[in-house]
Amino acid sequence: MLLSMWRFREITNRKQRSRDMIKGIFRWLTIPAAALLLHSCAFMKLKEDIKIIESVVGIGGEISNRSPNHQPLTIIVYAEIDGQIHIHNFKVVDKNEGFYVFAVPAGEYYMIAYEDANSNLAYDTGEYFGQFGQPDRISVNGLKPLDGLNIEVARTDGFPEGFPADVSK
């Protein structure tokens, strides 16, 4: 009986050591598995990013500032979505920059720029502005970049109606 009790403990201890060993192996395998999973998530994100990059087009042109103030210019890209005009993107460029480029997906756009004399990121009456065309709609529907969308900032009256002028909101 003593021998069988000893044998029972020995078998029980072996089973416990085996369980502990398996738990340890799983713990050690969890770290590389998690790293591999995170790595594959990173590749999935990279694939998504590449699709986005491949779906955008560069649009731009020359910009000239005829204002006597020679302040930085705010250039706004407006998107037309369901007949509504929204600010899609903007950038502030140095008064001497001379050109601009935006990356946009397929869609309908307009371009307006103004000299932000008081640096409030909004067009205020009396500030110089200009636009591409009257402003003209810019249709982006392929992967071919559009250039020659030149803007001359030279007017102080007649900012186009229906176009938001405050990019700080």
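What share of the 169 residues in the protein is buried? In this predicted model, buried residues account for 27% of the 169 residues. The protein contains 1 helix and 8 strands, and along the sequence these elements follow the pattern α-β-β-β-β-β-β-β-β, with the helix placed ahead of the strands.

**Contacts and surface**
- Among the contacts in the protein with a separation of 6 or more, 70% join residues that lie 24 or more positions apart.
- The accessible surface of the protein comes to about 11,600 Å², and carbon and sulfur atoms contribute 59% of that area.

**The largest nonpolar core**
- The largest nonpolar core is made up of 20 residues, and those with the most contacts inside this core are Ile63, Ile75, Tyr100, Phe102, Met111 and Ile151.
- Two or more residues of this core come from each of strand 1 (56-65), strand 2 (73-81), strand 4 (99-105), strand 5 (107-115), strand 7 (138-140) and strand 8 (151-153).
- Strand 2 makes the greatest contribution to this core, supplying 4 residues.

**Ile63 and its contacts**
- Leaving aside residues up to four places away in sequence, Ile63 touches Leu73, Ile75, Gly98, Phe99, Tyr100, Ala113, Ile151 and Val153.
- Among these partners of Ile63 are Ile75, Tyr100 and Ile151, which, like Ile63, are listed with the residues that have the most contacts inside the largest core.

**A second core**
- Separate from the largest core, a second core consists of 12 residues, including Ile76, Ile85, Tyr123 and Ala165.

Key. Residues are numbered from 1 along each chain as its sequence is written. This is a predicted model: local features need pLDDT of at least 70, side-chain atom pairs count only at pLDDT 80 or more; totals for chains, interfaces and linings use all residues. Side-chain values use heavy atoms; hydrogens and water are left out. Buried means under 20% relative accessible area, exposed over 50%, partly exposed in between (1.4 Å probe, protein chains only). Contact means heavy atoms within 4.5 Å. Accessible areas come from the Shrake-Rupley method with a 1.4 Å probe; for residues, only the protein chains shown count as cover. A nonpolar core is a set of buried Ala, Val, Leu, Ile, Met, Phe, Trp, Tyr and Cys residues joined through side-chain atoms within 4.5 Å.
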